[in-house]
Amino acid sequence: MLTPNKEKKEIHLFVNYTRWVFFVFFFLWGTFLSSQERFRRNPPPPDPLPVLHLPNLQSQNLTNGLALSVIRKENLPIINLWLVVRTGESSSPDGSPGLATLTNRMLSKGALNIAAAQLEERVEYIGGYFSHVTFPDYSIMGFSFLEQNLDDALYIISQIILRPAFSRIEIENVKRAIRYEHLANMRDPEYVARWLLLKILFADHPYRKGFYDDDMIRNLTRSEVVSFFSRYFRPNNALLVLLGNLNFPTATRKVSSFLNTWPKGELRYEPVESPNANKKMRVCFIDLPNTNDATIFMGNVIPAATDEDYFPFLVFNQVLGGTPNSRLFMNLRESKGYAYYAFSAIEIFKSCSVFSLKCRVRPEVVYSSVMESLKETERTLKNKISTSELEEAKSYLIGNFPLGIETRERLSMKISENLALELGNEHWNDYYENIMLINSNKVFEAVQDTPLLTPVVVIVGDQKKIIGHLREFREVEIYNDKGILLQKLKWEGEDS
Amino acid sequence: MEHRKLLTSRLLFILLSPIFLFSQQYKVDLPVPHTQLTLKNGLQVLISEDYSIPLVSVVVSYKVGSLYERPGKTGLAHLLENLMFQGSRNISRMQHISIVNKTGGVINAATTEDKTLFYQTVPSNHLALVLWLESDRMKSLTIEPDIVSQAKNALIEEIRQRRTTDPYLEIREIFDQLIFQNFAYYHPVFGSEPDLRGITVEDVKTFYSSYYVPNNAILCITGDVDTEKTIGLVRKYFETIPEGKDIPVLESSLFPKAEGDVVRTHEDSLATYPGFYIGYRVDSPRTQDYFPLKIIEYILLRGNSSRLHRRLIVRDKTAIQVTGGLEVKKDRGVFRVFVTSVNEVMKSRSQRAIFSEIDRLRTNLIPQRELKKAINMFEFDFRSRYSSNLARAFFLIDTLSDSESGNQTYNLSNYLGVTASNIQVIANRYFFQNRIVLNVNTK
């Protein structure tokens with residue numbers, strides 16, 4: 001039994017012990033909690049760069065010259081088929097821009113033994129749909145459908161290729177649709193600005209035919225469509241890309257059985273020369289009523305994607321205006337507050353590329369925005385890019401590449417582009433390596449003799465709000481919505 | 001001594017208790033293989049592996065949208081969506097976007113009636129980075145007066161831009177008001193200028209603290225990830241975020257009793273062509289009726305060989321465009337058709353043609369081939385819903401939301417099994433009477 005003194009001592013020891021236990025407990029708990037939150041203060045480092053296994057492309061030329069490529073992809077019971085014809089708007093006759101587009105679109109409008117309405121029904125019955133896109137250098141007809149219907153799909157393709165109808169009624173319907181689409185697009189300031197920019201840059205070049213207006217479509221005839229089709233839609237001028245859960249030998253056998261009677265054509269390949277770059281800055285304006293802001297596109301012709309300077313140029317573009325972290329955006333939007341957005345981009349064609357800047361700005365700062373863009377371009381041209389910016393740009397290009405081929409549509413488009421423009425392994429298997437090898441010297445050397453400081457500048461907006469702010473340019477070309485030059489405005493007392 | 005032992009053991013238990021905070025894991029049978037778990041703070045997590053490409057998509061879906069806004073405070077959900085990019089405790093303003101861009105990734109967000117989604121796709125070696133970003137803004141968003149003010153102004157400018165460039169926006173809003181009747185359902189997601197001006201910083205803070213909590217959210221990660229490692233990262237970044245208390249619940253709301261057909265006319269100064277809306281109300285749309293209704297959408301409106309396209313655009317040429325479909329907002333659904341025509345005569349003919357086609361659907365069994373066609377087209381679109389990492393993430397989130405409400409809209413077989421009699425029964429149930437028509441005249 002405890003005596004009173006001993007009991008007091010016991011209690012005292014117990015209280016001290018308890019105090020220490022609680023102290024240790026709360027110390028450890030506090031450390032535990034604060035260590036939990038400390039990690040939030042900084043971004044975690046990335047894991048090692050993952051390996052990108054590009055889809056395996058198996059290819060073979062059929063006996064009639066049709067190039068077949070098959071990519072096995074098992075994740076969905078859907079097949080994507082892309083028929084790529086190595087002919088685009090640049091091959092449309094001079095007086096018939098838009099003909100390549102019309103001919104391509106007419107492919108899904110019936111065959112001799114299947115009327116247009118019936119064809120639509122058959123395509124949709126197999127859970128399918130068509131898509132069409134025509135570029136200056138090539139044309140694509142896309143056909144996606146449920147995989148169990150491959151034979152039906154190939155039969156449909158064979159009929160529209162081997163026995164196209166080109167009915168007059170459907171030609172008029174498609175012409176009307178193309179015209180309405182163009183008119184609807186011409187309400188979008190970005191579309192208008194890009195359209196006029198390329199129309200002007202390619203003014204003396206076959207590529208200009210890719211930038212037609214609605215009136216030009218109106219005049220196209222059935223005999224022109226038939227003639228264009230007969231001349232260019234030939235197996236030895238085409239590629240067929242298939243993507244799905246497909247076995248290559250089986251796919252080859254099936255495609256061959258449906259399309260081996262597609263006759264070869266006599267085709268003379270005439271390389272298209274590169275257009276001349278614009279040598280003196282030009283400012284061009286199109287009125288688009290009821291728009292609050294000014295949309296600016298400015299650019300010039302640069303070397304083609306097959307040129308050795310292309311990859312350094314890609315890095316240059318990234319530094320200048322590839323993302324909201326790039327120089328243009330940080331300057332025009334974040335620093336000066338001129339622009340809602342400001343970016344640069346490279347668009348590729350077979351014989352050249354086009355480098356362009358785009359921004360949307362308040363009307364009163366149009367001149368300042370153009371000048372600031374030029375200043376930023378010059379700064380990037382004339383000074384070697386810092387290591388940190390270079391590595392950031394390369395990291396972006398490498399990180400973004402898989403996104404460009406993630407979906408079936410993007411993958412098919414990328415492969416079609418690579419094959420149609422004959423870009424080679426540099427843009428596919430060797431892409432990462434090509435980017436990694438870039439250094440600031442290579443970028444600097446690649447961009448020195450380029451005409452980026454003498455761009456064509458296109459400004460689109462409401463004339464009532466903008467025209468007064470264009471005075472500082474001293475000379476502005478005014479265009480209408482057909483791309484026709486109406487007049488040149490000169491300030492300092494002259495009008496022409 | 002006995003007291004010491006007891007106390008010590010109790011304290012040891014408390015100290016060691018974090019070890020017992022493991023969350024439950026289980027698999028659910030769905031068309032997209034995935035793992036589902038719920039953290040202790042209520043955050044629902046979905047993870048789906050796909051090694052085909054070294055990318056990962058991360059989506060955080062908060063179960064809140066414009067339906068949760070009160071009159072006078074519309075646009076709040078959309079405003080908060082914007083503010084979520086304006087910085088948090090450890091991430092400065094706009095840095096979230098900048099960081100994602102630097103990886104080569106892409107980022108975006110969207111507000112709907114019942115959810116707000118934040119999503120990004122990045123190279124898979126940056127998964128931890130994205131989880132760090134998302135968890136920081138869930139935990140500690142910066143809400144300051146000047147930032148709120150700037151965001152409000154930007155959205156007001158956006159509303160003005162929309163109203164001047166979208167010719168049929170006003171008519172759509174009027175139609176929504178007519179057909180949904182309940183304010184929560186018909187006001188636009190982007191809100192109104194006066195309401196946005198009236199929103200205070202306190203409003204924003206209350207909305208954020210009420211709804212932007214882990215037990216009101218779904219985190220979905222799809223792509224080139226290892227499930228176990230990902231769970232570890234998710235727990236690290238999200239598990240210590242406190243759960244929200246008393247999350248306001250949206251009351252179930254069905255349409256009031258219908259009172260026959262409603263026909264109205266509106267003159268629109270921006271409309272370039274005359275047109276009209278026709279709509280039918282669908283109560284409790286996420287029942288078995290949903291599946292045939294969805295197929296009816298394809299029969300009438302999807303594809304060039306659909307009934308309305310064939311009749312109005314191709315055969316009769318009375319319409320310039322025909323669009324529409326089944327739209328569901330929580331407990332209320334609407335089947336709507338929108339048409340524009342070149343003039344009043346064509347507009348009237350288009351309207352009569354639509355009523356005639358709907359009557360045909362009600363009175364005649366649809367031919368098997370036509371039904372099969374609609375089902376095949378639906379199947380194609382349905383399967384395309386999980387064709388990319390991001391699409392798969394959205395699909396899984398929708399699936400989880402649907403399964404919680406007892407529906408199986410994610411189950412393809414429900415649609416594949418729709419019969420011609422189902423179509424006829426449903427057409428008679430919903431398209432027989434109580435239609436809403438809003439005619440648009442140009443000025």
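In chain B, strand 9, residues 275-283, pairs with strand 12, residues 435-442, in the antiparallel sense, and 6 bridges hold that register. One bridge to look for on the screen is that of B:Y277, whose partner in strand 12 is B:L438. I should state at once that this is a predicted model, and that my remarks concern its computed geometry.

These two strands belong to an open sheet of 5 strands in chain B, with mixed pairing and the order 8-12-9-11-10. At the edges of this sheet are strand 8, residues 262-268, and strand 10, residues 321-329, each of which pairs on one side only. From one strand to the next, the twist averages 15 degrees. Helix 12 of chain B, residues 307-315, lies across strand 10 and strand 11, the latter spanning 332-340. Helix 12 runs at about 150 degrees to strand 10.

Allow me to turn to chain A. Here an open sheet of 6 strands has the order 1-2-6-3-5-4, again with mixed pairing. Strand 1, residues 57-61, and strand 4, residues 129-134, each have a single partner strand, so one side of each is left without a neighbour in the sheet. The average twist between successive strands is 15 degrees. Within this sheet, strand 2, residues 67-72, and strand 6, residues 238-244, run parallel and are joined by 6 bridges. In that pairing, A:I71 stands opposite A:L243.

Which helices pack on this sheet? From chain A itself there is helix 4, residues 150-162, which touches strand 3, strand 4 and strand 5. The direction of helix 4 makes about 150 degrees with that of strand 5. The partner chain contributes as well: helix 14 of chain B, residues 368-384, lies across strand 3, strand 4 and strand 5 of chain A. Helix 14 of chain B runs at about 100 degrees to strand 5 of chain A.

That brings us to the interface. How many residues of each chain are in contact with the other? The count is 59 residues of chain A and 61 residues of chain B. Between them the chains bury about 5300 Å², with 61% of this area on carbon and sulfur atoms. On the side of chain A, the residues that lose the most area to chain B are A:R40, A:E124 and A:Y125, together 15% of what that side buries.

Next, the polar and charged pairs. There are 19 residue pairs in polar contact across the interface. The elements of chain A that each supply at least two residues to the side touching chain B include helix 1 (4-38), helix 3 (116-125), strand 5 (139-146) and helix 13 (387-400). Helix 1 gives the most, with 11 residues. By class, the side of chain A that touches chain B has 30 nonpolar, 15 polar and 14 charged residues.

Over all chains, the whole structure has 58 salt bridges, and 5 salt bridges lie across the interface of chain A and chain B. One salt bridge joins A:E121 to B:R369, with the closest N and O atoms 2.9 Å apart. This pair crosses between chains, from helix 3 of chain A to helix 14 of chain B. Helix 14 of chain B is thus named twice in this talk, having also been described as lying across strands of the chain A sheet. Another salt bridge is formed by the side chains of B:K102 and A:E392, at 3.9 Å from N to O.

Note on methods: Residues numbered from 1 in each chain as written. Chains lettered and ligands numbered in written order. Predicted model: local features only at pLDDT ≥ 70, side-chain atom pairs only at ≥ 80, totals over all residues. Heavy atoms only, no water. Contact = heavy atoms within 4.5 Å. Buried area = accessible area lost by both parts, 1.4 Å probe. Salt bridge = Lys/Arg side-chain N within 4 Å of Asp/Glu carboxyl O. Polar contact = N/O pair within 3.5 Å; in protein donor to acceptor, adjacent residues only side chain to side chain. Helix = DSSP H or I, 4+ residues; strand = E, 2+ residues; numbered from the N terminus. Nonpolar A, V, L, I, M, F, W, Y, C, P; charged D, E, K, R; others polar. Pairing = 2+ DSSP bridges. Axes fitted to C-alpha atoms, helices over the stretch in contact; angles between N-to-C directions.
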